[in-house]
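Colleague: I have not looked at this structure before. Could you put it up and take me through it by question and answer?

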Amino acid sequence: MSNESEPRIIDPLPGPLDGSCVVPGDKSISHRAILFSAMAEGTSRLLGVLDSSDVRASIKAVQKLGAKVSLEKQTDGSLAGGIEGWGAAGPKQPDGPIYCANSGTTARLLMGVLAPWDITVRIEGDESLSKRPMRRITAPLMKMGVEFDPAGAETLPITEHGCKRLRAIKYDSPMASAQLKTAVLLAGVYADGVTELNEPSVSRNHTELMLPEYGVETTAGERTARVLGPTQMHSAEIRVPGDPSSAAYIVCAALLKPGSAVQIENVSLNTARTGFLMTLERMGADVTTRRTGSSGKEPFGIIGACYTPRLHGCEIPGYKIASLVDEVPVLSLVAAHAQGLTVFRNVEELRAKESDRLDAIVKGLAQLGVDAWTEGDDLFIEGQPDLQVPEGLVFDSRGDHRLAMTWSLVGLTGRVPVGVTSFDSVDVSYPDFLRDMKELAR
Ligand code: S3P
C-alpha cells in the first residue's frame, strides 16, 4: 500500500514527551458507525470519525452501495456529518467490484452487511488483504444461506451473492474475533429469529454496544452475543472516542523516553481494548486511567503514562490476547527493554494480520540484539534493560502500519536515528502519528 521507495529516517525526539494530547477517533468504532449508518433508515449523525485510509475504504464501500455520505473534515482532523442509509430499500447493486484496500475490517464486516440482500458483489483488497483468511467469515454466513464464489475460497477476491431469506443460526466461533462476530450479527439483524455467536474468549464488543443505538435488540454476555431479527435499523448519533490502539504508541514512548509524563484525553477505556494497559501495569509501568464519561455505552477517559526506568517481564495468558491483539508489536518492544522474560501465549492470530507480525517482531528485535523466538503459538522475549541501539538500523515495516509505528519508536525514544521502510503505511490508522509525537516532545 505504500508509495515510499526509500526508508523514512526517524530521528530521536529532542526531549521527553510532556503534556496532554488527544488521539484520532477509534478505528473499529469508526468503521462500525459508517457501516451501521449506511444500513439504517434515515440520516445518522457522526462525530469524531477517524480520517484514515482504512476508514475511507468503508466510506467508499457504502457510497458505492447507495448510502449518501456527507462527512467533512473538522479542524481537529476528524470527520463529522451525516450518513443517509439505504434502510428498508436495501443497498443498490454496485456497477463494479468493491475495493477494500488494506482494510480487513471493511472486507469482513461488509460480508455481513451484504448478506441479506438480493445483490451480487465482488469484494477485492490490496496485496496484503488478498492474503488474509476469509473462510472464517464465509463459513458461518453460508450456514445462514449466503453464497460465495468460489465457494470454499480462503482469500479475496470473493464474490458474494446475498440471500433475502437468511436463517438465524447459533454459531460457536473457533476463534475470538470481533470481525467474525460482527459479520454474523449484522446478517442476523435481517434473519428470522435469534442469531447467537459464542466465542472461546472475549473479543472487542463495540458491535454489541452500538447496535442497540440503531434499534437492534441485542443481548451480550461474557463470551456470547445475540441479536433478534428481522429488524429495520433506524438512524443514530454516534460520537467516536479516541483510539486506545493509537494511544498505545504514545504510552509506550513515554515509558521508554527518560523524563516523560503524558496524558491522553477522550480515549476509549473499553476494557475489551485496554489489555495493553493491564499488561504494562503488570510489567511495573507507571500508567493510570481515569474515566471521564461515556459515549453511548462506550466508556472514555484519560490515560496517563510516565517514564519507568525499571520494567520487568510478565506472562500474558491466551485468553487475554484479544484485548491487546493489535498492541503485541509495541508491547514486544517494551518487553525488549524490560528485565527478564515476557511470554505472550497463543498469539497465532498475529500471523494473519496486515503482515506476519510474529515473524516481523522476532526479526526486528534480533536487529536490536534482543533474543525473541516463537515456540508453537507462543512468543518469547528476553529483555535487556540496558539495551543499546546500534547505529544505522533500517527496519522493514512490511507495509504494516502497526509495525511502522512500533519500529519508529526505537528512533524516537532512543539516541540514534533509525530507518523505517514504507513508513506512510501509518495512514491506515494514524496519519498524524509523527506530528503528534513531535508536538509532545517540543
Ligand atoms: C477488529 C478486530 C480485530 C483487530 C482489528 C480490528 C475490529 O481483528 O485486530 O484490528 O474492528 O473488529 P480480529 O477480529 O481478526 O481479531
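Colleague: Which residues surround the ligand, and how many of them are charged?

Modeller: Bear in mind that this is a predicted model. The ligand is surrounded by Ser 28, Arg 32, Thr 105, Arg 108, Arg 136, Ser 177, Ala 178, Gln 179, Arg 204, Val 325, Asp 326 and Lys 353. Sorted by class, this shell has two nonpolar and four polar residues, and its charged residues number six.

Colleague: Which helices each supply at least two residues of that shell?

Modeller: Ser 28 and Arg 32 are in the shell, and the range 27-39 belongs to helix H1. Thr 105 and Arg 108 are also there, and 104-114 is helix H3. Ala 178 and Gln 179 are there as well, and 178-188 is helix H5. The helices asked for are H1, H3 and H5.

Colleague: What share of the ligand's accessible area does the protein cover?

Modeller: An oxygen atom of the ligand is 2.7 Å from an N or O atom in the side chain of Arg 32, and one is 2.7 Å from such an atom of Asp 326. At Ala 178 the partner is a polar backbone atom, 3.1 Å from a ligand oxygen. On its own the ligand has 380 Å² of accessible area, and the protein covers 94%.

Colleague: How many residues of H5 are buried, and which side chain reaches a backbone nitrogen at its start?

Modeller: H5 is mostly covered, with 11 of its 11 residues buried. Among them are Ala 178 and Gln 179, which also belong to the ligand's shell. At the start of H5, the backbone nitrogen of Gln 179 has a side-chain oxygen within 3.3 Å, and that oxygen belongs to Ser 177.

Colleague: Why is helix H9 described as largely enclosed, and which elements do its buried residues pack against?

Modeller: H9 covers residues 328-336, and nine of the nine are buried, so the rest of the structure largely encloses it. The buried residues run from Val 328 and Pro 329 through to Ala 335 and Ala 336. They pack against H7, helix H8, strand E19, helix H10, strand E21 and helix H11.

Colleague: Which helix gives the largest share of the largest nonpolar core?

Modeller: This core has 73 residues, and those touching the most other members are Ile 250, Val 251, Leu 280, Leu 365 and Phe 433. The largest share, 10 residues, comes from residues 244-256, which is helix H7.

Colleague: What does Val 251 touch, and how many residues does the second core have?

Modeller: Beyond four places in sequence, Val 251 touches Ile 264, Phe 276, Leu 277, Leu 280, Val 287, Ile 303 and Ala 305. The second core is separate and includes Val 55, Met 134, Leu 156 and Ala 183. Its residue count is 69.

Colleague: Is Ser 268 buried or exposed, and which backbone nitrogen does its side chain reach?

Modeller: Ser 268 is found in strand E15. Its relative accessibility is 0%, so it counts as buried. Its contacts farther than four places along the sequence include Pro 241, Thr 274 and Phe 300. At 3.2 Å, its side chain reaches the backbone nitrogen of Asn 270.

Colleague: What is the relative accessible area of Arg 398?

Modeller: Arg 398 is found in the loop between strand E22 and H11. Its contacts, leaving aside neighbours within four places, include Asp 356, Asp 359 and Thr 421. Arg 398 is partly exposed, and its relative accessible area is 30%.

Definitions and conventions: Residues numbered from 1 in each chain as written. Predicted model: local features only at pLDDT ≥ 70, side-chain atom pairs only at ≥ 80, totals over all residues. Heavy atoms only, no water. Core = buried A, V, L, I, M, F, W, Y, C linked by side-chain atoms within 4.5 Å. Buried < 20%, exposed > 50% of the residue type's maximum accessible area, 1.4 Å probe, protein only. Helix = DSSP H or I, 4+ residues; strand = E, 2+ residues; numbered from the N terminus. Contact = heavy atoms within 4.5 Å. Near = heavy atom within 4 Å. Polar contact = N/O pair within 3.5 Å; in protein donor to acceptor, adjacent residues only side chain to side chain. Areas by Shrake-Rupley, 256 points an atom, 1.4 Å probe, with all protein chains shown as cover. Nonpolar A, V, L, I, M, F, W, Y, C, P; charged D, E, K, R; others polar.
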